[in-house]
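Grab your viewer and work through the exercises below. Each one sets a task and then walks through a solution.

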Amino acid sequence: MKNTFFVTTPIYYTNGIPHIGHAYSSLIADSIARYQKINWKQVKFSTWVDENSQKALDKAEELGMEIMPYLDMMAKEHKQVWDGLNIKYTDFIRTTEARHHKLVREVLQKSFDNGDIYEGEYEWMYCVGCESFKKDEDLVFRNKTTGETFPISSSVKISENIEKICPDHLKVPQTLKEKNYFFRLSKYEQKLKDFYKKNPSFVMPQDRFNEVIAFTDRWLEDFSISRETNKFGIKLPFDETQVTYVWYDALFNYVTVCDTNDFWKNDSNFWPADLHVVWKDIIRFHAIYWPAMLLSAGYELPKNILTTGYFTVDWQKISKSLWNAIDPVEFSAKYSKDLLTLYILSSFNIGQDWDFDQKQAILTYNAKLANNFWNLLNRAVVLTLKMDLESWLSSKVDKYIWDNTKKYFKDYDEAFARYDLKKTLDSTFRFLDSVNNYVTTKEPWTLMKDEAKQEEVKTIMYTICESIRQVSLNLYPFFPEKMSEVFEALNLKWYKEELELWKYNELRNKKETFYIKEKSPILFEKFELE
Ligand code: MSP
């Protein structure tokens with residue numbers, strides 16, 4: 001079995017710094033990468049910046065800067081965000097790098113040589129904000145006087161006072177007519193359909209995959225891959241008057257990072273990617289264009305694409321100009337990174353659209369980590385310190401909790417295998433609830449006072465400690481720093497190191513002994529609602 005795991009985030013545009021929406025994709029990829037790593041996989045996790053874009057050029061111009069100093073500055077700022085969140089990427093890629101230019105030119109040449117790229121001329125509407133061409137059905141009508149908008153399907157009377165605008169950017173698209181090169185997507189229709197059939201979970205969640213399939217069922221149009229007017233970007237090797245446009249340039253970043261020619265890293269082993277994390281806006285490009293482009297250039301296809309939903313703040317599109325772009329590093333410094341991770345990964349199913357609600361984030365953290373988890377851990381530490389330690393080392397886990405543990409492991413493992421992070425966390429907190437209930441029912445603090453009940457108390461305390469140990473191992477991919485502190489509280493300091501040495505399964509199946517010797521500082525402080 002392939003013992004490598006390659007996960008990618010989208011490469012982010014650099015006309016601004018990453019906000020909480022971008023952090024969502026990176027935190028998903030980070031938790032998955034960490035889980036794979038402790039599960040014996042050699043992990044590659046790539047991320048960073050999509051630089052050859054009109055948006056970046058516009059922004060640099062707006063700031064009166066040359067493009068390269070601007071891009072250098074932004075790439076650094078992006079990196080600071082991911083480092084600030086302790087995102088454990090292994091590979092950083094900028095699309096202005098020479099290695100990327102080289103690879104993209106090679107694949108373009110290959111597809112040109114085999115007839116999949118051809119010259120043509122089209123007149124299309126193009127929205128600079130979306131960086132994409134628009135068809136009528138992508139636009140809405142707007143009344144120039146009143147500003148009112150209507151769906152394109154409405155029966156509004158067309159007049160000089162009515163214009164067609166992009167519903168996201170509220171701007172009239174540009175009309176472009178130029179020589180372009182096109183990719184022969186239509187040629188790959190059947191191959192794509194066969195591939196989807198053979199790989200029924202290629203795109204997750206399933207409803208997104210259904211949309212992709214429905215789209216390919218309607219018709220697949222060849223798409224433009226170059227611009228005559230753009231001057232910044234990767235030049236086509238067979239026509240240097242044109243630069244590649246967006247998708248060839250952006251998507252092949254995933255292959256460039258596997259093509260480093262570094263013998264020791266053996267990077268080529270990582271392709272095909274195991275998982276691309278992207279949002280639904282770019283799923284069509286990843287699930288349709290991308291496999292076709294790869295087939296044309298002779299590459300294997302990625303295994304899975306995990307599609308996230310659209311995420312708003314105060315039900316508004318996240319945008320600098322609306323002042324609702326929450327900085328994930330600032331937010332984590334104010335509350336904690338655990339609060340951010342827990343809220344965004346445990347409250348919403350991946351794929352669902354949702355609104356970031358600060359109050360809800362605090363309540364979730366207080367309930368799940370500050371109450372549920374910390375209370376249990378604190379009780380375990382305080383009560384064990386009252387006991388004669390040596391005497392309960394050989395205890396067993398209570399049968400009732402043992403049965404729950406087995407079910408919990410099954411739910412957790414199955415959910416992680418499907419990248420269903422919400423379910424992995426739900427199963428964990430459900431299990432913690434059952435352990436908390438068990439403690440409340442058993443009342444070990446009362447039994448402790450009874451000489452005749454000492455054996456029972458030992459079993460209860462062992463059960464609690466062992467449950468916390470298991471939970472912390474399973475929460476490690478999500479909260480690595482905090483779980484390392486939990487290991488210390490249980491006096492299992494060496495766990496972090498062992499996990500990084502791929503010993504998760506060994507630790508999970510180990511019969512541990514607990515020598516808790518001191519009270520732990522509070523690990524999960526409650527936050528007040530503002
Ligand atoms: N550069 C392209 C991607 C090319 S990948 C070969 C791009 N960049 S982006 O900066 O606009 O967005 C990148 C990613 O950030 C999205 O794919 C998405 O995963 C994440 N998100 C940005 N804003 C988001 C929300 N408001 N909600 C959810 N995800 C968000 O597209």
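Buried means under 20% relative accessible area, exposed over 50%, and partly exposed in between (1.4 Å probe, protein chains only). Helices (H or I, at least four residues) and strands (E, at least two) are DSSP runs, numbered from the N terminus. Contact means heavy atoms within 4.5 Å.

This is a predicted model, where local features need pLDDT of at least 70 and side-chain atom pairs count only at pLDDT 80 or more, while totals for chains, interfaces and linings use all residues. Residues are numbered from 1 along each chain as its sequence is written, and side-chain values use heavy atoms, with hydrogens and water left out.

**Exercise 1. Work out which residues of H17 are buried, and what covers them.**

Step 1: Pick out helix H17, residues 480–489. Seven of its 10 residues are buried, so the helix is mostly covered.

Step 2: List them: Pro480, Lys482, Met483, Ser484, Val486, Phe487 and Ala489.

Step 3: Look for the cover. It includes H1, helix H11 (337–346), H12, helix H16 (454–475) and helix H18 (495–500).

Step 4: Zoom in on one of the buried residues. Ser484 counts as buried because its relative accessibility is 12%. Skip the neighbours within four places in sequence, and Ser484 is in contact with Tyr476 and Lys496.

Step 5: Walk off the end of the helix into the loop between H17 and H18, where Asn491 sits. Asn491 isn't a glycine, yet its phi is positive, about 60 degrees. With a relative accessible area of 19%, Asn491 is buried.

**Exercise 2. Locate the largest nonpolar core relative to the two domains.**

Step 1: Set the rule. A nonpolar core is a set of buried Ala, Val, Leu, Ile, Met, Phe, Trp, Tyr and Cys residues joined through side-chain atoms within 4.5 Å.

Step 2: Split the chain into domain 1 (4–110 + 243–333) and domain 2 (357–508); these bounds come from an automatic or database domain assignment. Their C-alpha centres lie 36 Å apart, and 20 residues of domain 1 are in contact with 18 residues of domain 2.

Step 3: Find the core. The largest one has 101 residues, and Phe356, Phe373 and Phe524 have the most contacts inside it. Helix H12 (residues 358–385) gives the largest share, 12 residues. Both domains give residues to this core, so it lies between them.

Step 4: Check one hub. Beyond its neighbours within four places in sequence, Phe373 is in contact with Lys368, Leu432, Ile468, Val471, Ser472, Leu475, Met483, Val486 and Phe524.

Step 5: Don't miss the second, separate core. This one has 57 residues, including Phe6, Leu108, Trp271 and Leu301.

**Exercise 3. Describe how the ligand is held, starting from the residues around it.**

Step 1: Collect the shell, counting a residue if one of its heavy atoms lies within 4 Å of the ligand. There are 19 residues around the ligand, and Ile11, Ser25, Asp50, Trp279 and Phe311 come nearest.

Step 2: Ask which elements contribute. Strand E2 (12–13), helix H1 (20–38), helix H7 (247–251) and helix H8 (253–256) each supply at least two residues of the shell. H1 gives the most, with three residues.

Step 3: Go through the polar contacts, here pairs of N or O atoms within 3.5 Å:

- A ligand oxygen is 2.6 Å from an N or O atom in the side chain of Ser25.
- A ligand nitrogen is 2.7 Å from an N or O atom in the side chain of Asp50.
- A ligand nitrogen is 2.9 Å from a polar backbone atom of Phe311.

Step 4: Add up the cover with the Shrake-Rupley method and a 1.4 Å probe. Taken alone, the ligand exposes 660 Å², of which the protein buries 94%.

**Exercise 4. Is Met293 buried or exposed, and what is it in contact with?**

Step 1: Find Met293 in helix H9 (residues 283–297). At 0% relative accessibility, Met293 is buried.

Step 2: Drop the neighbours within four places in sequence. The contacts of Met293 are then Phe183, Phe223, Trp247, Tyr248, Leu251 and Phe252.

**Exercise 5. Find the backbone oddities at Pro205, Pro272 and Trp315.**

Step 1: Check omega. Met204 and Pro205 are joined by a cis peptide bond with omega about -5 degrees. Another cis bond joins Trp271 and Pro272, with omega about 5 degrees.

Step 2: Place both prolines. Pro205 is in the loop between strand E11 (203–204) and helix H6 (206–218), while Pro272 is in the loop between H8 and strand E16 (275–279).

Step 3: Check phi. Trp315 has a positive phi near 60 degrees, and its relative accessible area of 70% makes it exposed.

Notes
Polar contact = N/O pair within 3.5 Å; in protein donor to acceptor, adjacent residues only side chain to side chain.
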